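Here is a quick tour of one chain, written for someone who likes to check contacts and angles for themselves. Have the viewer open and follow along.

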Amino acid sequence: MLSFSRLKITLILGICVLGALFCLPNVIRAPAPWLPWRQVHLGLDLQGGSYLLLEVDTKAVLRERLEGLVDTTRRTLLAANIGYLRLGAEPDQNRVVFHLRDPAQQAQALAALRTALGLGQANTAPGQEEVSVAPFATDAIALTLSPVAITERANAAITQSIEIVRRRIDETGVIDPEIARQGDDRIIVQLPGISDPERIKALLGQTAKMTFHLLDAEANPAAGPAPPGVEFLPLADQPGAKLPVRKHVEVDGANLTDARAGQNPQTGDWVVNFTFDSIGARRFADTTRANVGKPFAIVLDNKVISAPVIREPITGGRGQISGRFDAKTATDLALLLRAGALPAPLTVVEERSVGPELGADSIRAGAIALAVGFVLVIAFMAVFYGLFGWIANLALVANLILMLAVLSLLQATLTLPGMAGILLTLGMAVDANILINERIREEVKNGRTPLGALEAGFSRAYSTILDSNVTALLAHVMLFVFGTGPVRGFAVTITVGIVTTLFTATLLARLIMVRWYAATRPALLPV
């Protein structure tokens, strides 16, 4: 236990030096922009910023799914030459209902719909189908969504919303936002350093669902209600004007791979250039090839951005959105399209701001608590264990430096609970040294020689130190995995602190003691 090779000594000292170097970005600025200057970031409670609580409209997910069933039902019945009446969605009942012109075609309609929806397949377990198709009356059929399917869609919508919110916020350059689910249909967003979140709220308030539709040449918004399969949508730059847009989506914006703001080289106007993936490019090419000379509407959140006439087939998988854009609106639209469309609208139900003054007060209070606790621990070790206590104190300082170094490498976010975790780690770190020193003191009382007491103290305390720290490590790893927000920040600092404590207590402190003993050869140990 007391022998150290030159390689081992070099590694221990090298780790300590690297730890000090990795801490430097937290106290000085980067000398060159190309250096990887990683720092510990301050959380919302220390730096100030904004807190948003968003609510996901899960009912919109249900309505969208029912509208999709309406469109599928209409196309299936038309393809099978089955007449129908009063086809529509009933969101309160989670179903789509229609009546048959000829009740004798009920069995034919049931079979066609089940085939179109893929029901009754061998790989689908009984009772696990998303939609059930059954007679509603002698001349009617209902397509009903199962409760399990509704719950799964709602959960998937919230999970997808969290990911898209994260992408949109990351595109704005906010450092270390905290985004987490709360309850059944809410999302918490914490934005450190953002005192005015209006742009973020505007970006999150848009669903940004872009689709491409053909226009109906026969429907007229001024002539009456829209015919089946058509809806009148307003123009984005002329809210009073409406266009007859077919509900069927020819190409979905979900197939976009990129979107960038730019300027039209001919007119100088701001535009958004977009690129499709292979599936979207093929559908875009097929649609434009089959509809040359017809208007093609680009719809964003139920508003027509533009409806250019297809002059020729567009087969390159690229397109351009033009409108009354300026640099900011074009950039924001490109950002939204790159991040993807939200599956459901988000509503801000709560908003709070933490000023930088409150954050500075928190930092000051946390720093005072950390300094006082650190001084008390050092004083305790020096008084009770003398020279060996000061060696433990030196290892404690190295422990703090290494902890900050690892947090810097991880670019972790430090919060008030994280500062509490650092203080708790410093208190826990001396436990290992206390165990070692008490064991050495006990061996000295039993009559062992100084070298034998050192050897026995470290070897007998090692297993106890390892067991206690490993169990604590596992507990805090579980806190990190299952916790959210402040709990995870606390768990990160404690977990990192446990790892650095094992290094400083069992390797660094032992190395210092061994080098001291080799240099002085004392007759009695100062413990």
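What follows is a short walk through a predicted model, covering salt bridges, a sheet, a helix pair and one loop residue.

## Salt bridges across the chain

Side chains of opposite charge can pair when their charged atoms come close. In this model the count comes to 21 salt bridges.

Start with E351 and K201, whose side chains meet in a salt bridge at 2.8 Å, N to O. This one links distant parts of the chain: E351 belongs to strand β18 (residues 346-354) and K201 to helix α6, 150 residues apart. Both ends are partly exposed, E351 with 34% relative accessibility and K201 with 23%.

Next comes the pair D216 and R246, with a salt bridge at 3.9 Å, N to O. Since D216 sits in the loop between β9 and β10 (230-234) and R246 in strand β11 (residues 242-246), the pair ties together parts that are 30 residues apart in sequence. The two ends differ in how they are covered: D216 has a relative accessible area of 16%, so it counts as buried, whereas R246 is partly exposed at 35%.

## A pair within one helix, and a network

E438 and R441 also meet through their side chains, in a salt bridge of 3.5 Å, N to O. Why are they separated by about one helical turn? Because they are three residues apart in helix α10 (residues 416-445). E438 is partly exposed at 33% relative accessible area, and R441 is partly exposed too, at 21%.

Elsewhere, R65, E130 and R153 are joined into one network by salt bridges that share partners. Two of those names come back in the helix pair below.

## A three-stranded sheet with a helix across it

Strands of a sheet pair through backbone hydrogen bonds, either parallel or antiparallel. Here an open sheet of three strands runs in the order β13-β14-β17, and the pairing is antiparallel. β13 (256-263) and β17 (318-325) are at the edges with a single partner strand each, so one side of each has no neighbour in the sheet. From one strand to the next, the twist averages 25°.

Zoom in on β13 and you'll find seven bridges joining it to the antiparallel strand β14 (residues 270-276). One of the residues to look at is A259, whose bridge partner in β14 is F274. Helix α8 (residues 327-339) lies across β13, β14 and β17, and runs at about 175° to β13.

## Two helices crossing

How do α3 and α5 cross? The axes of helix α3 (residues 58-79) and helix α5 (residues 147-171) come within 9 Å, with a crossing angle of roughly 120°. That angle makes α3 oblique to α5, and the crossing is right-handed.

On the α3 side, the contact is made by T58, V61, L62 and R65. The α5 side brings I150, R153, A154, A157 and I158. R65 and R153 are the names to spot again, as both belong to the salt-bridge network with E130.

## A loop residue to finish

T207 is found in the loop between α6 (198-204) and β9 (210-214). Is T207 buried or exposed? Its relative accessibility is 17%, so T207 counts as buried. Setting aside neighbours within four places in sequence, T207 is in contact with R168, D301, A341, L342 and P345.

Terms used: Residues numbered from 1 in each chain as written. Predicted model: local features only at pLDDT ≥ 70, side-chain atom pairs only at ≥ 80, totals over all residues. Heavy atoms only, no water. Helix = DSSP H or I, 4+ residues; strand = E, 2+ residues; numbered from the N terminus. Buried < 20%, exposed > 50% of the residue type's maximum accessible area, 1.4 Å probe, protein only. Contact = heavy atoms within 4.5 Å. Salt bridge = Lys/Arg side-chain N within 4 Å of Asp/Glu carboxyl O. Pairing = 2+ DSSP bridges. Axes fitted to C-alpha atoms, helices over the stretch in contact; angles between N-to-C directions. Parallel < 35°, antiparallel > 145°, perpendicular 65-115°, else oblique. Left-handed = near helix turned anticlockwise from the far one by under 90°.
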